[in-house]
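This report describes the arrangement of strands and helices in a two-chain model. The sequence and structure are shown first, and the description follows.

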Amino acid sequence: MKNMNNKLANKNRDPMGEARKSEKFRQYSENVMPRIRLATEVYNSRKALGLSQQALAKEMNSTQKVVSKVENGDMNLGIELLNRFADKLHFNSDHLARVFNCGQAYVIVSTDAKKNETKNELRVMGRSENMPLAVGTIVSGTAVTYFPSASRVVSASNTIKHVKK
Amino acid sequence: MEVVYYKDKASNCCPLKKYLDQYIKNDTEKPKERNRKDKILAEISGKIQYVLQNNGNPIPPLIKKLSGYDYFEIRSKKNQNILIRVFYFRHEDKIVLLNALEKPDNYSGEREDRKIEQELEITQGYLNKFKLNPKLYEKYE
């Protein structure tokens with residue numbers, strides 16, 4: 001009888017909507033997305049290098065099953081294995097920024113700034129307000145400077161034309 | 001784009017929702033079991049979210065086009081031995097979640113193959129019905 005009541009109560013509920021109310025569900029969900037993004041990066045990089053799963057596994061001193069699991073988003077990687085993937089697949093900061101959803105800022109400095117404006121203090125901010133990722137001078141004409149992991153860029157000068165996150 | 005469940009008129013239910021019902025927790029269950037259910041749903045939900053972010057495009061390796069059918073599949077692990085295959089297709093501004101089935105890793109024999117094939121055919125039927133009547137859906141929350 002209790003089971004029947006449960007079934008009736010469940011009939012019109014959206015299982016996903018119900019699950020979303022749970023704190024545990026939210027925690028698990030946060031872990032899923034980096035795995036999915038890593039799966040895509042590993043698959044794309046492996047394809048670009050023309051490697052089979054087997055060949056990549058051999059180069060990494062691992063097994064095809066591990067590569068397959070990572071590409072299906074079914075495996076939580078330790079730092080050592082992630083490092084081996086990053087090494088063999090020539091990951092750069094772009095790849096890792098995409099996996100971990102870190103901000104990326106492109107700062108374009110105006111090339112027609114006046115001479116006395118050519119040096120400007122620039123603070124590249126990360127997630128923490130108190131810890132800038134970089135503080136330095138930008139010389140006009142640098143055109144494009146790339147800061148991985150930046151969430152925003154602060155400058156007193158108007159020579160920064162465009163900040164793309 | 002919007003994600004919706006396909007609703008079958010004949011059975012008056014959403015096949016995927018019906019499949020997912022088994023993961024609705026109830027108060028009498030142990031925490032371990034409740035966590036297991038949350039984990040399975042979070043995996044599926046994350047992958048649906050990924051499909052949505054890519055406008056329903058089948059981005060490999062997680063999303064695949066099924067040969068011989070007009071829909072795509074999302075693969076998600078239930079446990080070490082069982083794979084959950086969730087089927088969807090795109091229709092105008094909608095990602096329509098059609099159905100799901102479980103595929104054991106180590107199955108053999110024609111019987112299982114036939115069963116899976118039947119389920120794929122049924123899913124194709126859902127897709128055809130939806131195309132004829134695009135109001136056959138329920139909101140995905």
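Two strands are said to pair if DSSP finds at least two bridges between them. Helices (H or I, at least four residues) and strands (E, at least two) are DSSP runs, numbered from the N terminus. The model is predicted: local features need pLDDT of at least 70, side-chain atom pairs count only at pLDDT 80 or more, and totals for chains, interfaces and linings use all residues. Residues are numbered from 1 along each chain as its sequence is written, while chains are lettered from A and ligands numbered from 1 in the order in which they are written.

**The sheet of chain B**

In chain B, six strands form an open sheet with mixed pairing, in the order β2-β3-β4-β5-β1-β6. The edges are held by β2 (63-65) and β6 of chain B; each has a single partner strand, so one side of each is left without a neighbour in the sheet. From one strand to the next the twist averages 40°; angles run from 0 to 180 degrees between N-to-C directions, and axes are lines fitted to C-alpha atoms, for helices over the stretch in contact. Strands of a sheet pair through backbone hydrogen bonds, either parallel or antiparallel.

At one edge, β2(B) pairs with β3(B) in the antiparallel sense over three bridges. Here B:Lys64 stands opposite B:Glu73 in β3(B), and B:Ile63 stands opposite B:Ile74 in β3(B). These two strands form a hairpin with six residues between them, and B:Gly68 in the turn has a positive phi of about 90°. A further hairpin joins β3(B) to β4(B) through four residues, and the antiparallel pairing of β3(B) with β4(B) extends over six bridges. B:Ile74 has B:Val86 as its bridge partner in β4(B).

Strand β1 (residues 2-6) of chain B runs parallel to strand β5 (residues 94-104) of chain B, and four bridges join them. Strand β1(B) also pairs with strand β6 (residues 137-139) of chain B, in the antiparallel sense over three bridges. The table lists bridge partners in the sheet.

| Residue | Opposite residue | Strand of the opposite residue |
|---|---|---|
| B:Val3 | B:Ile95 | β5(B) |
| B:Val4 | B:Lys139 | β6(B) |
| B:Ile63 | B:Ile74 | β3(B) |
| B:Lys64 | B:Glu73 | β3(B) |
| B:Ile74 | B:Val86 | β4(B) |

**Helices on the sheet**

Helix α2(B) lies across β1, β2, β3, β4 (82-91) and β5 of chain B, and runs at about 145° to β3(B). Helix α3 (residues 110-132) of chain B also packs on the sheet, where it touches β1, β4 and β5 of chain B; its direction makes about 170° with that of β5(B). Two residues are in contact if their C-beta atoms, placed from the backbone, lie within 7 Å.

Helix α3(B) has 23 residues and reaches 33 Å from its first C-alpha to its last, close to the 33 Å expected at 1.5 Å a residue; the expected span is 1.5 Å times one less than the number of residues. Which residues of α3(B) are buried? They are B:Thr123, B:Tyr126 and B:Phe130. A residue is buried if 20 or more other C-beta atoms lie within 10 Å of its own, exposed if 12 or fewer, and partly exposed in between. The cover over the buried residues of α3(B) includes β1, α1, β4 and β5 of chain B.

In helix α2 of chain B lies B:Ile44, which is buried because 25 other C-beta atoms are within 10 Å. Not counting residues up to four places away in sequence, B:Ile44 touches B:Ser76, B:Ile84 and B:Val86.

**The core and the contact between chains**

In the largest nonpolar core, which has 44 residues, B:Tyr6, B:Leu16, B:Val86, B:Tyr88, B:Val96, B:Leu97 and B:Leu98 touch the most other members. A nonpolar core is a set of buried Ala, Val, Leu, Ile, Met, Phe, Trp, Tyr and Cys residues joined through C-beta atoms within 7 Å. Helix α3 (residues 23-48) of chain A gives the most to this core, with eight residues.

The contact between the chains takes 24 residues from chain B and 25 residues from chain A. On the side of chain B that touches chain A, α2(B) gives the most, with ten residues.
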